[in-house]
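Hi,

Here is the structure I promised to pass on. Have a look at it first, and then read my notes below.

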Amino acid sequence: MDVDTVLSALAALAGSPRLMGLLLLAIPIGMFFGAVPGLGGKIGVVLLIPFVFGMDPVAGSVFLLAMHAVVHTGGSIPSILFGVPGTGPDAATVIDGFPMAQQGRAGRALGASLGASGLGGVVGALFLALMLPVLGPVVLSFSPAEFFLLAILGITFIATLSGDSLIKGVSVGLLGLMLAFVGADPQTGIDRYTFDLLFLSDGIDVITAVLAFFAVPEMIALGVRGGAISMVGRQAARYSFREVVDGMVDVFRHWGLSLRTSVIGAVVGMIPGLGGDAASWICYGHAVQSSKTPERFGKGAVEGVIAPETANNSKEGGSLLPTLFFGVPGSLGMAILLGAFVMLGVKPGPTLMLTGLDMVWIFIWTLVLANVIAVAIFLLCAPWFGLLSFVRGGLLIPFVLLLAMLGSYLGHGAWENLVLLAGLGTLGYFLRRYGWPRPPFVIGLVLGPIAENSLHKALAIWGPTFFLRPLSLLFIALIVASVAFYVVRGRRTKRSLLYDF
Amino acid sequence: MRMLARAVLPGAVLALAGAAASADDFYRGRTLTYVVATKPGGNYDTYGRLIARYMQKHLGADKVVVRNIPGAGHIVGANFIHAAKPDGLTIGTFNTGLIYAQVLRRKGVKFDLRRMGWIGKASTESRVVVVKKGSVPATIDALRPKGEAAKVAVSGIGSAAYNDMALLRAALRLNVRLVPGFSGNEAEMSVLRGEVIGTIGSRSSLDDFVANGHGVFVLEIGGRARPGLPQARDLVRDDRDRALVALIESQGELGRLTAGPPGMPAARLAALRAAYGKAVTDPGLVAEARKRGLPLAPAVGDAVGRIVDDALNQPPETVALVASVMNVEVTTVTVRTGLLSVGARGRTVEFMSGDTRITSAVSGSRTRVRIGGKGADRRRLRAGMNCTIEFRPGGENESRAIDCKATGG
Amino acid sequence: MTFDGRTATSAAMVALFGAMVIAALGFPPEGRLLPWVVGIPGLVLTAAQLVVDAAARRRTVPAAGAEEGGAPPAARRDVAMFGWLFGFFAALLALGFLIGGPLALGAWLRFAARERWTVALLGAAAGWAVLYGAFERLLDLALFEGFLPRWLMG
């Protein structure tokens, strides 16, 4: 790595008013697309391509990259304030972020998410930079066998996230897994549980399910309870701006966790085929597991906000790796970006590594700067956002419901998702009312398809001995350790975690 | 084909422009909806948005709105276009692979490709088979190993790539095992990792992979001949195999279709075709497409409809063949034949499926047995009965349904 | 409530798993495997939970007998809330986002939340403005038109 190239790239970026101008323009756009549920970065890139066409490669790429990098920073806003995730990966932020808002600590949650996003983005970019030389063999060592085991590892987190009742938690997790089977079976191609409805043949939409299990029940509960989202009066809550900064400092108070989850997020992002949702949930599960007081999670633990938010942003840096290095996109969003790059004249692939390294460094710096500047912009607005959680519930609920329905509809343009939202939302409300934990459901729903698909691929490629690969054995060890950890801890606290009565 | 298109196209455009002159005013002040049967961002979306933009210019429409209606492998979008009001304000694009869906009468298909108002198609894309760089031999024979089958990564069961590979395997007698479920570029990653020996896809999607040195082209299906790369049509001998290759080629022939619902008024269809023709030959669009690496080989109007008709008018033997080829690992085969024998307590039946003698398991709970149109117990099946049997080939060849005529007397 | 919501929820979970496990009987053998590997333990666990809930209920019911006169107010608010929720969905499905959205917003604000007419109308107008401005004009993203308009336009 040539220090000269690195620094001259930074100078080229920061020193050019035009490039910085584009960067600054891209940030609010990216945050907007992240904040409106159902839109997401992919649509943002697609809609911006006509505007970018004709720009020189560097300018256009900087613009699109900057926009894409801050999508999840924006996505955390509705997640924390209303319990409505802006994008799929932001759902994990809802679990602890929204309860924080309910406790009058919305500002702090926003600050934590902000700081985490910024840190994650920077670490992701760093990861990209460091991994460049060793990339090839690392990316290539992750095969369907490892995807399967990674998904299983994530699934074991269901137990950890079951709170007070293991039976209820695992049941809900298994329900998520069952619903993941809706749609075409990868092995035989036959539709399962679709009732011959075309709408279900692609499976149950994750955003709709998350909205149904988190946003809708919370809004119903709020309507029943009355009052504002924050159950703590505004006077009792601390002064907003300082709160936000406090949240940001939290990220550094938990620096070990923040760094770990940033790296995990970048690694998951680097592996094409896992998907962004997996990253945030795996990191959330890790946060719960590694905490000395796991029972705080789900009730407003700030680590529950930090972990997924770092992963959301660091995975962007990670997924740029295979995209630029192999010309194989690391995620769907990257696929679209790749198309845009090609259109602009940037040719990803080994040739880029050889001759276009300075451009790559400009991209890396774009990620860093975009994340840092987003933090600054957001910091100014965050206190105002936080005030929303003190608004009368009756005033807020219909808007939030509308937002949720938008988010559910926009993903696929299918009105049937609205019906699904209503139905699952009702179930979600009763589960919430009677103490059934809901995060395991999303884990099952998100990781189930990955697990099943990868299992079938691994069996087809290697047969039943597929896990006898060094990396696979490592993951198996991790899974065993994870389960053992849970059991040992349960015994140590001497509480019956089996059922709550 | 491309030469022909280039010669015919301008003439067609002029003729259509004349016919469309009267309908010109219709679009002024109106919004055209262009439906894309995929989520935003893929190639269909890209082509669709590009063409939609230029069609707006040439139609004189107030606005063109691109609407993404994904689902069930383009079927939801195609259903939507087919069911839309035929006033010429809704058109759209979907995968040519829906031809397979219609030929095999897949559930949920509510469109009839024969009747749709064909506007044009934007590209011709051959299919290519790629194997990992360094494979020995670096030819199609890599897919004909003696002994254990070579593994090929393809997309989900029922998708275009899966169907193409399944048909190719039958046509060229390849010894491959399809590993499905790889979406987008995951198949290429799998080849890179050495888990599979190769994959199949459209030429433009695999060009970069080969150019970056990761793979080698070993076979092309469709398009014009290139030196050093064999064409599938040159490797097949008998009619059956030729029919299968022709079906795969027709897929590539009709790249990036644009169509409207059946029943559009002739003048408006002509206007749309004229605008389409002008749009795809517009220098702005051509330049943009070239810059984005999107191949163009357009055709307008009836020419497209004819190719679709040909592809859909497969003789029943080919339909059965396609069904059985693609069903070997998937769904069911239906035969109408006499029962050769019935096992003890009706638990098995024997019959001929084509030239093969099949022994099929009859389940008490899962097989639907009807005699003379009424539900019956499997113990009442008799040898010699004339029945329509739907069974799953492989393993026990379990029957899904057995409908027999009541034996007279 | 005349039935215990807690037990009913557990029963619903059992029913869900049961239905899916039984439905899997119709799948071919390979397709059936994983649904059963997941579904049958799920069935067992939820059944266990149902037993726990039912047993607990039997223990506490005599004590709760005194409260039974008329449905408790919390339950009535629950039902009312669900009524509004489904009404909201119905409005959007029938009239789409652009018409149904502001309508539902306004109705909710005025009647469910008992805000003043001005607030309700303002809210509805704001909703319409954002939906129209952001989606129809700016982003050109189609929003659901609603079944009634679809039926009316043929």
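Throughout, two residues are in contact if their C-beta atoms, placed from the backbone, lie within 7 Å. With that rule, residues 24 or more positions apart account for 80% of the contacts in chain A with a separation of 6 or more.

Some housekeeping before the rest. This is a predicted model, so local features need pLDDT of at least 70 and side-chain atom pairs count only at pLDDT 80 or more, while totals for chains, interfaces and linings use all residues. Residues are numbered from 1 along each chain as its sequence is written, and chains are lettered from A and ligands numbered from 1 in the order in which they are written.

Chain A

Chain A has 22 helices and 2 strands (DSSP runs numbered from the N terminus: H or I of at least four residues for helices, E of at least two for strands). Along the principal axes, its C-alpha atoms fill a box of roughly 65 × 60 × 50 Å. The radius of gyration of chain A is 22 Å, which agrees with the value near 23 Å for a compact globule of 501 residues (taken over C-alpha atoms; the globule rule is 2.2 Å times the number of residues to the power 0.38). Of those 501 residues, 66% count as buried, meaning that 20 or more other C-beta atoms lie within 10 Å of a residue's own, with C-beta atoms placed from the backbone.

I picked out helix H2 (residues 17-35) of chain A. Its 19 residues should span 27 Å at 1.5 Å a residue, and the end C-alpha atoms are indeed 27 Å apart (the expected span is 1.5 Å times one less than the number of residues). Among the buried residues of H2(A) are Leu19(A), Leu22(A), Leu23(A), Ala26(A) and Ile27(A). What do the buried residues of H2(A) pack against? The partners are helices H1 (3-14), H3 (40-52), H4 (57-69), H5 (71-82) and H18 (357-387) of chain A.

Chain B

Chain B has 13 helices and 19 strands, and 50% of its 409 residues count as buried. An automatic or database domain assignment divides chain B into domain 1 (2-123 + 252-316), domain 2 (127-221) and domain 3 (332-404). The centres of domains 1 and 2 of chain B, taken over C-alpha atoms, are 30 Å apart, and each of these two domains puts 7 residues into their contact.

On confidence, the mean pLDDT (the predictor's confidence in each residue, from 0 to 100) of chain B is 83, and 90% of its residues reach 70 or more. Helix H1 (residues 2-20) of chain B is lowest in that chain at a mean of 56, and strand S3 (residues 90-93) of chain B is highest at 94. Where pLDDT is low, the predicted coordinates should not be read in detail.

Interfaces with chain A

The contact between chains B and A takes 39 residues from chain B and 37 residues from chain A. H7(B) gives the most to the chain B side, with 5 residues. By class, that side has 13 nonpolar, 14 polar and 12 charged residues (Ala, Val, Leu, Ile, Met, Phe, Trp, Tyr, Cys and Pro count as nonpolar, Asp, Glu, Lys and Arg as charged, and the others, Gly among them, as polar).

As for chain C, 45 of its residues are in contact with 39 residues of chain A. H3(C) gives the most to the chain C side, with 15 residues, and that side has 31 nonpolar, 9 polar and 5 charged residues.

Cheers

Note on methods: Buried ≥ 20, exposed ≤ 12 C-beta atoms within 10 Å, placed from the backbone.
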